[in-house]
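Please walk me through the backbone of this structure, paying attention to the places where its geometry is unusual, and explain the terms as you go.

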Amino acid sequence: MMSIGEVVGEEQMCSRKRARQAVAGDFAAEFNKEFPAVVNADASVERPRKWRVRCGERAVGIKNPIREIMDTIAGKENPSKRMISLAQGDPTAYPHLRPGENMVSAVAGAVASGTANGYQPSQGNAMCRAAVAEFSSIPGRTPLKPSDIFMTLGCSEALSHCVAALATKGSNLLLPRPGFCLYQVLCEYHGVEARYYDLLPDHGWEVDLGHLRTMVDDRTCAILVNNPSNPCGAVYSKAHMIDIMRTAESLCLPVIADEVYAEMAFDDAFVSCAAATTKVPVLSVCALSKRWLAPGWRLGWVALHDADGIFASAKVSETLLKLCQVSLGPSAPLQAALPDILKTTSASWYAGVLRALKESADCCVRRCSSIVGLEVASEPQGAMYFMVRLQEGALQGIGTDDVAFARQVLQEESVAVLPGQCFNAPGFFRVVFAAPPEVLEEAFDRIEAFCRRRAAAKQPRPESP
């Protein structure tokens, strides 16, 4: 039995121990507030007391010019009028343009077969790549092999792979102006400086080759050429294509060829970049989205046309393969269906699509040519777009402000067009002519009424007697 002195002494010891623990606890609490993630003696990391979620700088920095401009316009249409869009580049928006029955059957058959459910090689299904290689080979150049083809999630990813493959640190890429805004977005995302060479609106939107040369320096990695053109509807002649490729050869620059509208030419025959020369290495991109009227299928490819082993020595193929290993390619059934699609789509089907687009293009040009304040600098020769110039001083409250024109014609007439500033072409607006003529006639009736009101408002009032 403990004596009274021993009990008191034990209590004092416990009291001092509790005091030391309290002081240590207070210190630990203050320390943890100041340094919440300090490693404890047992090497575990304490959870931060505040969430620290952050977004990646490259993703945050993405800016789409179309979205930045159109978000200020969208949702402001006239509620009393049916909306007509001449803005979206989707050829399937109206039922008269649809993929061929053979295409649908090929995809349905691939799904039903049960043999296209697994992962595919990163570069793409071997039979699919063989079919694309045969389809994309150019007379006079070394025939493409399956190893020269890289299957992608649509043409957008094909373009992204091409830019990424050539995007060395500090490099710049030459882009057309006007041009599809995705080019700029991809350059910014991959850390490449976008430089612009001009197209000539009054000369069929041909490349200003003299201006292009002034944009080149030792860090230029490639020239991007879009033919047939979005947004201009240009289709370059064989002579002009030869001039472009000779310029690339003299500058020792490879070409990224956006040829998603290949063969979509109304009169003159389409000439690809690779067909215009054998001396320039070309990365050609294409997809089922436009010529085959299936943008939602997201099936595209890159075709590598080398010249004198230039791409091989730079290991461009190996680099493209690494990029394909990130996304693992498009869906297996669509890749399995592509050989049949390329083999069985008839010349008459292709011709029917072009006839429909040509009829719509002619309707648009005829109507624009008779509307006050509007001017067609160069008539469309292919693809499914053309650019309309705003005549200076013709329309009150607008002038040549293409964003104001697009905003006001939407607000008053419920017709959507894209301002030229979306394509680095202020003073113009882009029209998609994929709609049938009866829809286009109604759209231009409204645009004409809008322009007449603006033109009439500019007329001076007669002086009072």
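P231 lies in the loop that runs between strand 6 and helix 9, and the peptide bond that leads into P231 from N230 is cis, with an omega near 25°. P228 is also found in the loop between strand 6 (220-226) and helix 9 (238-251), and here a cis peptide bond joins N227 and P228, with omega at about -10°. Helices (H or I, at least four residues) and strands (E, at least two) are DSSP runs, and they are numbered from the N terminus.

This is a predicted model, in which local features need pLDDT of at least 70 and side-chain atom pairs count only at pLDDT 80 or more, while totals for chains, interfaces and linings use all residues. Residues are numbered from 1 along each chain as its sequence is written, and side-chain values use heavy atoms, with hydrogens and water left out.

If you follow the chain past helix 9, you come to C252, which is found in the loop between helix 9 and strand 7 (255-258). C252 is not a glycine, and yet its phi is positive, at about 55°. The residue is exposed (over 50% relative accessible area, with a 1.4 Å probe and protein chains only), since the relative accessible area of C252 is 69%.

A positive phi also appears at R298, where the value is near 55° in a residue other than glycine. R298 has its place in the loop between strand 8 (282-287) and strand 9 (300-305). With a relative accessible area of 34%, R298 is partly exposed, a term for values between buried, which is under 20%, and exposed, which is over 50%.
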